[in-house]
Amino acid sequence: MLMKKIVLIPDSFKGTMSSAQICGLMREAALRYFPDAEVVEIPIADGGEGTVDAFLSTCHRGEKISTRVQGPYGALLGSFWGQIGDSAVIEMAACAGLPLTRENRDPSVTTTYGVGQLIEEAWNHACRQVVVGLGGSGTNDGGCGLAAALGVRFFDAEGREFVPVGGTLKNIAHIDLSQRKPFIDKMDLVAMCDTGNPLFGFNGAAYVFAPQKGADARMVEELDAGLRHLDKIVQKDLGVDASQIPGVGAAGGCGFGMVAFLGASIRMGIDMLLEAVGFDRLLQGADYVFTGEGKIDGQSLGGKVISGVARHALQAGVPVIVVAGDVGEDIGEVYGKGVSAVFSTNRVAQDFSKVRYRCMDDLSQTMDNIFRLIRLAETRK
């Protein structure tokens, strides 16, 4: 019996293809070999780039609102957020994302200030529930920047007010919430993350994520020490102990800042999106699920798209095939967590700087080969 239903639910391949583009290419290959199959496309994101588009697409309503806020280095830049009724979806990558730092990556000086500006703009548009996607950041300021934009005040030992960044967290001597924007208490804030990392330590924000943001070994140690110091001041002045909550280490500790300064809750992004799209219902009658991301490695099991999709599909008894731009060495565990097979699109074994320009063709060719093999197996039953 030939295939009847295929579910496509990939994350974006950061810096190359959006999840919607990937779905389109996968669909073309599927229908080439199984023209009568039902193909369900679910463009998705778990907090990073594409989160706003994913929510708008999932809900089939709402609008993307353009604006200007501070970027990762403080300069004004064009940004956006999504409004769905009285709810807002913000992706911090739209104003504090790693691609916005370009070649000058330095997480000791970047800020999340613009994220706070987006939150305030959402309130001014009558949004009372705000989801902030914490992914794809180029920052390591513990969320102090976004807090400062919303009226939280930070002082050094000399009593001077300043906006902390990763390299100056160590200078915080006192935190004052007395001038925090009053609307924060009336807003339902959710920090949506794709990792379960704590704030500091070898599994924390700096050690795990800062190297890809431009930090060398010495800077990583300094950033981690800064986050530890921030936690101590937060406990002293605010009476909040949040450093070990899973997910607060997301986006350079931005999750911690949202919990400590704004009283936000933390949820795994993939769980929110799978719930919103009714994924368990869509799995009914499916023969295969195709998912993927730019690189699959050990972190892919820590709350990211592949992890969530595989967990739900395993319960439904549907095979999951992962297609990724790159495959790490530490993926053995995925096969026991619901993943049936993993394929890389890097057909010519070249560096990302070269293959990024041919990624769409490589994905198409990879999917063609996968469906060619599946059809062969199906027709020989």
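**Close-up 1. The largest nonpolar core of this predicted model.** This core has 59 residues, and Ile-119, Leu-134 and Phe-261 are the ones that touch the most other members. The element that gives the most to this core is helix α8 (residues 250-262), with nine residues. Apart from this core lies another, of 38 residues, with Ala-54, Val-277, Ile-306 and Ala-310 among them.

**Close-up 2. The surroundings of Phe-261.** Leaving aside residues up to four places away in sequence, Phe-261 touches Gly-142, Gly-143, Cys-144, Ala-147, Val-152 and Phe-154, among others. Its contacts also include Ile-175, Arg-180, Leu-230, Val-234 and Leu-238. If you are following the core by eye, Phe-261 is a handy place to begin, being one of the three residues that touch the most other members.

**Close-up 3. Two alanines with positive phi.** Most residues other than glycine have a negative phi. Ala-126, however, has a positive phi of about 70 degrees, and for Ala-251 the value is near 55 degrees. Where do they sit? Ala-126 is in the loop between α4 (113-124) and β6 (129-134), while the place of Ala-251 is in helix α8. Is each one buried or partly exposed? Ala-126 is partly exposed, with a relative accessible area of 42%, whereas Ala-251 is buried, at 9%.

**Close-up 4. Strand β1, covered on both faces.** In a regular strand the side chains alternate between the two faces of the sheet. Along β1 (residues 5-8), Lys-5 and Val-7 lie on one side, with Ile-6 and Leu-8 on the other, and all of them are buried. What are the partners of β1? With strand β2 (residues 38-41), β1 pairs in the parallel sense over four bridges, and here Lys-5 stands opposite Glu-38. With strand β11 (residues 288-291), the pairing of β1 is again parallel, over three bridges, and the bridge partner of Leu-8 in β11 is Phe-290.

**Close-up 5. Helix α2 and its packing partners.** Which residues of α2 (residues 51-59) are buried? They are Thr-51, Val-52, Ala-54, Phe-55, Leu-56 and Thr-58. These buried residues pack against the strands β3 (63-70), β4 (76-84), β5 (87-91) and β9 (188-193), and against helix α9 (269-277). Ala-54 also belongs to the core of 38 residues introduced in the opening view. Just after α2 comes His-60, which takes a positive phi of about 60 degrees.

Terms used
Residues are numbered from 1 along each chain as its sequence is written. This is a predicted model: local features need pLDDT of at least 70, side-chain atom pairs count only at pLDDT 80 or more; totals for chains, interfaces and linings use all residues. Side-chain values use heavy atoms; hydrogens and water are left out. A nonpolar core is a set of buried Ala, Val, Leu, Ile, Met, Phe, Trp, Tyr and Cys residues joined through side-chain atoms within 4.5 Å. Buried means under 20% relative accessible area, exposed over 50%, partly exposed in between (1.4 Å probe, protein chains only). Helices (H or I, at least four residues) and strands (E, at least two) are DSSP runs, numbered from the N terminus. Contact means heavy atoms within 4.5 Å. Two strands pair if DSSP finds at least two bridges between them.
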